[in-house]
Amino acid sequence: MISKERIALMTDLSLFEKREEKRYLRISKYYRSDYIGISLLKNFFTVTIAYVLILLLISICEMDHVMYKLSEIKFRPLTLRMVVGYILLLAAYSVITYIISSVRYKEAKKGVETYEEDLKKLERLYKKESGQARHKRPGGNRS
Amino acid sequence: MSTMLEWKEKTLDFYDKYRQYVQLILKFVLAFIVFLTINRELGYLQLIDNLFVVLILALLCAILPLSAIVVFGGIMILLHTFALGLEVGVLTLIFFLLMYLLFFRFTPKDTLAVVITPAAFSVGIPGVIPLTAGLLGGPASAISVCIGTFCYYYLKVIKKVIKPVKKAGNNDILVNLQKLIDGILNNKAFLVFMISGVAVSVIVYVIHRLSVKYAWYLAIGVGCVSYVIITAVSGAVMGAGISVPKLLLGTVVSGGIALIVDFFCFNADYSNIESLQYEDDSYFYYVKAVPKKRSDMTNERPARETNKTNKNIKIDKRMDENTDTDRSGGYSDVNFREKLEKSLDDIDR
């Protein structure tokens, strides 16, 4: 028999599998601290690469200025400014990454929990339906 | 009003019926416009500056996911810029890398702005991007609008500044790179459209979330007016030389497109239709789940809620060929109730 309740449940499960299963199940396999740690580590590498590229662009723009005043440039303050810039950028992006990965982890956990609850509900519905089918067998209760 | 609603329902029914074909056509048209714009603005590599190649790529994009337009568009821009000069190509690659590393890795769906914004600018409707970004995206979409605007002006600067320099035979890499970067940073029109784009996307986002009647229409209206005012005023102040009649016309068309987006994404949320397929012991299920936001023709429009989860499920079920159940074709004309009652009567006797 077709059961509307069961179909709605199966549709929800199928929607989850289609849209989020891959990402959510992957995330929910980690502990929260591990997932956020890995995200922060990835963030460290990406921000470092991005900062090097930004420095490259700035140095191209300022190349004339640098070549012209090469002898006057004080390298210690320049290095300090570059390091401070890097730390600020890394700190800002680390905070953003921490917030985003925390929210994603929470969503993934919640999504997977709901998915598992729905699976159990579906199993119960099947059991209930198969039980009802046995009782409704023609003449089954009358003998 | 009722004719309007009926027309709306008919359009939605048509879209519902031919959704897959309509989506294919829309993706094809979008990809075609995007690739044509890239070729028109750059067009340095003869191999891909060809209508036949554009048609093939657009056809491919029609059957592939929407992100394919971004991938093909990005590759085309890179190929054209590398054909113009190694330094231009490398700089483009660096910009693309920076965009991904600093922003798009958090919101990969927004990458579409990189290729759609130049297309919208070249068609003369730049306002459509902040309006739709505000309606469909979050506050972070304002950054996507900025990046999209940057992409358009980057292509424009390559065409206006670097192409003549290259033609003149100046191959000083450093000078060309400096001219390119200065050309973008000192472009007043770029700054004007970036400011108005960010402002409008935030305004539209805030207004469309207000719990007032017709919030989306209000957001589109206020967004259009503020886009014209901000662009015209800041353009005049900065001396960017922006044509006001062109801006007005473009904004009216953009508002119309935003209304179409509202029509499909709010009234029925047809953008989120899902076709699912699953099976159990007895049946294969082919389910089309339509998010339930569509009003009944006789009812008033419901209050706008963003997190409705009810679904209008249409089921096209097919039975497993090996399963012999009372729903199989062979039993369709058998009255089981009558037979059951008859057999129970026989037992009682």
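Here are some worked exercises on a predicted model with chains A and B.

**Exercise 1: Chain B as a whole**

Task: Find out how many helices and strands chain B has, and what share of its residues is buried.

Solution:
- Step 1. Start with the inventory: chain B has 13 helices and 3 strands.
- Step 2. Now look at the burial. Chain B has 349 residues, and 46% of them are buried.
- Step 3. Next, check how far apart in sequence the contacting residues are. Take the contacts in chain B between residues at least 6 apart in sequence; 67% of these join residues at least 24 apart.

**Exercise 2: Following helix H8**

Task: Work out what span is expected for helix H8 of chain B, and where its kink is centred.

Solution:
- Step 1. H8 of chain B runs over residues 141-167, which gives it 27 residues.
- Step 2. At 1.5 Å a residue, you'd expect 39 Å, and the helix reaches 38 Å from its first C-alpha to its last, so the two values are close.
- Step 3. Look along H8(B) for a bend. There's a kink of about 30 degrees, centred on B:Ile158.
- Step 4. Ask about the surroundings: H8(B) is mostly covered, with 19 of its 27 residues buried.
- Step 5. Step just past the end of H8(B), and you meet B:Gly169 with a positive phi of about 90 degrees.

**Exercise 3: Into the nonpolar core**

Task: Decide whether B:Ile94 is buried or exposed, and find which residues touch the most other members of the largest nonpolar core.

Solution:
- Step 1. Locate B:Ile94 in helix H5 of chain B, residues 86-104.
- Step 2. The relative accessible area of B:Ile94 is 7%. The cut-off for buried is under 20%, so B:Ile94 counts as buried.
- Step 3. See what B:Ile94 touches. Leaving out residues up to four places away in sequence, you'll find A:Leu53, A:Leu56 and A:Leu57.
- Step 4. Turn to the largest nonpolar core, which has 84 residues. Those touching the most other members include B:Phe35, B:Leu91, B:Phe95 and B:Ile158. You've met B:Ile158 already, at the centre of the H8(B) kink.
- Step 5. Zoom in on B:Phe95. Beyond its neighbours within four places in sequence, B:Phe95 is in contact with A:Leu57, B:Phe150, B:Tyr154 and B:Ile184.
- Step 6. There's a second, separate core of 19 residues, and A:Ile27, A:Leu122, B:Leu276 and B:Tyr285 are among them.

**Exercise 4: Pairs of rings**

Task: Find how many aromatic pairs the whole structure holds, then describe how A:Tyr93 and B:Phe106 are arranged.

Solution:
- Step 1. A search over all chains turns up 18 aromatic pairs.
- Step 2. For A:Tyr93 and B:Phe106, the ring centres are 6.1 Å apart and the planes make an angle of 20 degrees. Planes under 30 degrees apart count as stacked, so this pair is stacked.
- Step 3. Place the two residues. A:Tyr93 sits in helix H5 of chain A (residues 75-135), and B:Phe106 is in the loop between H5 and H6 of chain B, so the pair joins two chains.
- Step 4. Check the burial: A:Tyr93 is buried at 14% relative accessibility, and B:Phe106 is buried at 14% too.
- Step 5. Try another stacked pair, B:Phe28 and B:Phe32, with 6.0 Å between centres and 20 degrees between planes. Both are in helix H2 of chain B, and they're about one helical turn apart because 4 residues separate them. B:Phe28 is partly exposed, at 22% relative accessibility.
- Step 6. Finally, look for a cluster. Ring pairs link a group of residues including B:Phe95, B:Phe150, B:Tyr154 and B:Phe193.

**Exercise 5: Two residues of helix H12**

Task: Decide whether B:Ser254 and B:Thr251 are buried or exposed, and find what each is in contact with.

Solution:
- Step 1. B:Ser254 lies in helix H12 of chain B, residues 244-267, and B:Thr251 has its place in H12 as well.
- Step 2. B:Ser254 has a relative accessible area of 0%, so it is buried. B:Thr251 is also buried, at 3%.
- Step 3. The side chain of B:Ser254 reaches the backbone oxygen of B:Gly250 at 2.7 Å.
- Step 4. Leave aside neighbours within four places in sequence. B:Ser254 is then in contact with B:Ile125, B:Gly127, B:Val128 and B:Leu131, while B:Thr251 is in contact with B:Cys224, B:Tyr227 and B:Val228.

Definitions and conventions:
Residues numbered from 1 in each chain as written. Chains lettered and ligands numbered in written order. Predicted model: local features only at pLDDT ≥ 70, side-chain atom pairs only at ≥ 80, totals over all residues. Heavy atoms only, no water. Bend = angle between axes of the 7 residues up to and from the residue. Buried < 20%, exposed > 50% of the residue type's maximum accessible area, 1.4 Å probe, protein only. Contact = heavy atoms within 4.5 Å. Core = buried A, V, L, I, M, F, W, Y, C linked by side-chain atoms within 4.5 Å. Polar contact = N/O pair within 3.5 Å; in protein donor to acceptor, adjacent residues only side chain to side chain. Phe/Tyr/Trp six-rings, centres within 6.5 Å; stacked < 30°, edge-to-face > 60°.
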